[in-house]
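User: I'm new to reading protein models. Could you walk me through a few features, giving the general idea and then the case here?

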Amino acid sequence: MDALLIAGLSAAVLLVHDVSYLLHQPFWMDEAWVADSLRAPMHLTPRLSSSTPLGWSLLLRLVPAGGGQGYRLVPLAFTMMATATAYLLGRELRIGGRAGAVLVGVSVLLCPGLLVRDDLKQYTAEAWAALTVLLLVARLENQWSGRRLAQLMVFAVAGLLVADTVVFVGLAAIAALLLDSLRRRDRRRAFQVGGGAVGVLAAWAGFYAIVIRPNVTAKLESFWDVAYVPRHGGVHALMAFMSTATHNVVPYIGFRWWPVDAVLVLGGLAVLARRGRFLVAAVLPFTLALQLAASGARRYPFGDLRTSTFWVAMASVAAAGGVAAAVEAVARRRRRLSVATLAVSIGLWTLAADPHIRSHPIPDEDARAQTAFVDQHFRPGDVVIVSETASFGFAYYDRRLHPTFARFAGIENGFLPSWPDQPWIVRMTGHRPADVSRALGQAAARLAAEGPRHTGRIWIVRSHLFPDEAPEWRAALAGERVITYAVGREPLLLYEPPATSGSSGPAHVA
């Protein structure tokens, strides 16, 4: 029966997410630089994983995507695994039997924080890893054994390959175990936990020093400035920060209105504590405290939905635990009403999640269409300017070319693709007016090298445009003959210098 319910919940993931959309929507910039790591030689993978766990990039290599968007099946698979793990966790919690476990599984299936995580990033893997830690803690709480403790410690280390945030959840679990051992005055158990913790901390420190820290850029750290606990401004600044973080994240736990979600989560934690599930109940608040501390130390952001997906899923499970206890209470008094109560609970969860079910949350950027159009209409002698942010999509979708990847501290992920053997490509390294002028100057110089009667044109591929970027291009090209092609949401430009004649298809003059 459990296997059938797990299969049903996992299959339901394919219904609440629009799989066709995932396989056809072009990669946006953040996804494209993840996909670019798959075009690089294997030995370069560690230095292309600044904002992406090393194991995530290696795992994607197992998917035969063939240049398309099939890699998005990996985060979708982790969503399925998270849903299945939530059901198993519900069984270990032993609240409401299988009905309660179904509710816990449904809470993750319909968690808005996971419903909007359809892009090619590791956040669904982080949710799965967090729930797996909770599952292992629940099993340990049900029956203590050295073997189960070892499983938790090993996973806390291995999970780091695909989920950086397993550090927070794993450390929270270890802290809960140590405190519980001290509360019990169980010296033997405390030594077991402490010994395992030393090994885990050593493994984490080594992994951080060798794999993670060398790839963290100053640009990446500054990008998250708004998600770091303020060090100045006193209590007022801290309260404003926490208010913003709460409104950004808490509505994605389940019912969209943060007071309701807060009551459900706190109620669920209280139910777990009353049922003697102190360890499981302690992991979520300990995790939040650790992430806040890391944010204060400017080591990990807090209050952003993407980097909070893992604990949002944990909060959904906590809320479901409280609801499961209510369903169980109804079943004890009126068994015939238990099924109806379960159905109503799932119905309310579905109604609350409805705006996010089969939604299309991926940013609408289409470097794929621009790249294909340039490939189709490119003529010998033409030059292509690729903006900094479009270079990732261009590198992934143009399968005729073979980009190289070099370190570049001026962007968050720490690397940029380039084409040193293709002199007709001008790759930008910024989006300021000086960068625009420099790119146009380089492209014009390459056309001039063809002679005064050159017939070359300048294609301008742009994606993920910053608010001030489009006006900069308009100012730089004012008075020039520029054809705008409505290819995707962000237009493709074709600049025809005075020596060039003719057009290249239907368009309007910008």
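Analyst: Sure, we'll go through salt bridges, backbone angles, pockets and a surface patch, and keep in mind that this is a predicted model.

User: Let's start with salt bridges. How many salt bridges does a search of the whole structure find?

Analyst: The general idea is that side chains of opposite charge can pair when their charged atoms come close. Here, the search turns up 22 salt bridges. Take Asp30 and Arg306: their closest N and O atoms are 3.8 Å apart. Asp30 sits in helix α3 and Arg306 in helix α16, 276 residues apart, so this pair links distant parts of the chain.

User: Are Asp30 and Arg306 buried or exposed?

Analyst: For this we look at relative accessible area, where under 20% means buried and over 50% means exposed. Asp30 has 10%, so it's buried. Arg306 has 18%, so it counts as buried as well.

User: What about a salt bridge inside one helix? Which residues should I look at in helix α10?

Analyst: Try Asp180 and Arg184, whose side chains meet with 2.8 Å from N to O. They're four residues apart in helix α10, which means about one helical turn separates them. Asp180 is buried, at 8% relative accessibility, while Arg184 is partly exposed, at 47%. This pair also belongs to a network of salt bridges that links Asp180, Arg183, Arg184, Asp186 and Arg189.

User: Where do Arg432 and Asp468 lie?

Analyst: They lie in loops. Arg432 and Asp468 form a salt bridge with their closest N and O atoms 2.8 Å apart. Arg432 is in the loop between β4 and α20, and Asp468 is in the loop between β5 and α21, 36 residues apart. Arg432 is partly exposed at 45%, and so is Asp468 at 30%.

User: Next, backbone angles. Which residue between α10 and α11 has a positive phi?

Analyst: The thing to look for is a positive phi in a residue that isn't a glycine. Arg185 is such a case, with a phi of about 55°. You'll find Arg185 in the loop between α10 and α11, and it's exposed, with 79% relative accessibility. Arg298 is another case, at about 60°. Arg298 lies in the loop between α15 and α16 and is partly exposed, with 31%.

User: Now pockets. How much space lies in the largest pocket, and which residues are closest to its centre?

Analyst: When you read a pocket, check its volume, then its lining. The largest pocket holds about 1,200 Å³ of space. It's lined by 49 residues, and the closest to its centre are Ser50, Leu220, Trp224, Arg299 and Tyr300. Helix α11 gives the most to this lining, with five residues. By class, the lining has 25 nonpolar, ten polar and 14 charged residues.

User: And what is the lining of the second largest pocket made of?

Analyst: That lining has 17 nonpolar residues, one polar and no charged. The volume of the second largest pocket is about 380 Å³. Of its 18 lining residues, Thr246, Val250, Ile253, Leu288 and Trp311 lie nearest the centre. The largest share, five residues, comes from α14.

User: Last one: which residues make the nonpolar surface patch of about 300 Å²?

Analyst: For a patch, we look for nonpolar side chains grouped together on the surface. Val344, Leu348 and Leu351 make this one, and Val344 is found in helix α17.

Definitions and conventions: Residues numbered from 1 in each chain as written. Predicted model: local features only at pLDDT ≥ 70, side-chain atom pairs only at ≥ 80, totals over all residues. Heavy atoms only, no water. 1 Å grid on protein atoms, 1.4 Å probe; cavity = no way out; pocket = protein on both sides within 12 Å on 5 of 7 lines; lining within 4 Å. Points joined across faces, edges and corners; volume = space filled by probe spheres on them. Helix = DSSP H or I, 4+ residues; strand = E, 2+ residues; numbered from the N terminus. Nonpolar A, V, L, I, M, F, W, Y, C, P; charged D, E, K, R; others polar. Buried < 20%, exposed > 50% of the residue type's maximum accessible area, 1.4 Å probe, protein only. Patch = residues over 30% accessible without salt bridge, like charges linked within 9 Å, V, L, I, M, F, W, Y side chains within 5 Å. Areas by Shrake-Rupley, 256 points an atom, 1.4 Å probe, with all protein chains shown as cover. Salt bridge = Lys/Arg side-chain N within 4 Å of Asp/Glu carboxyl O.
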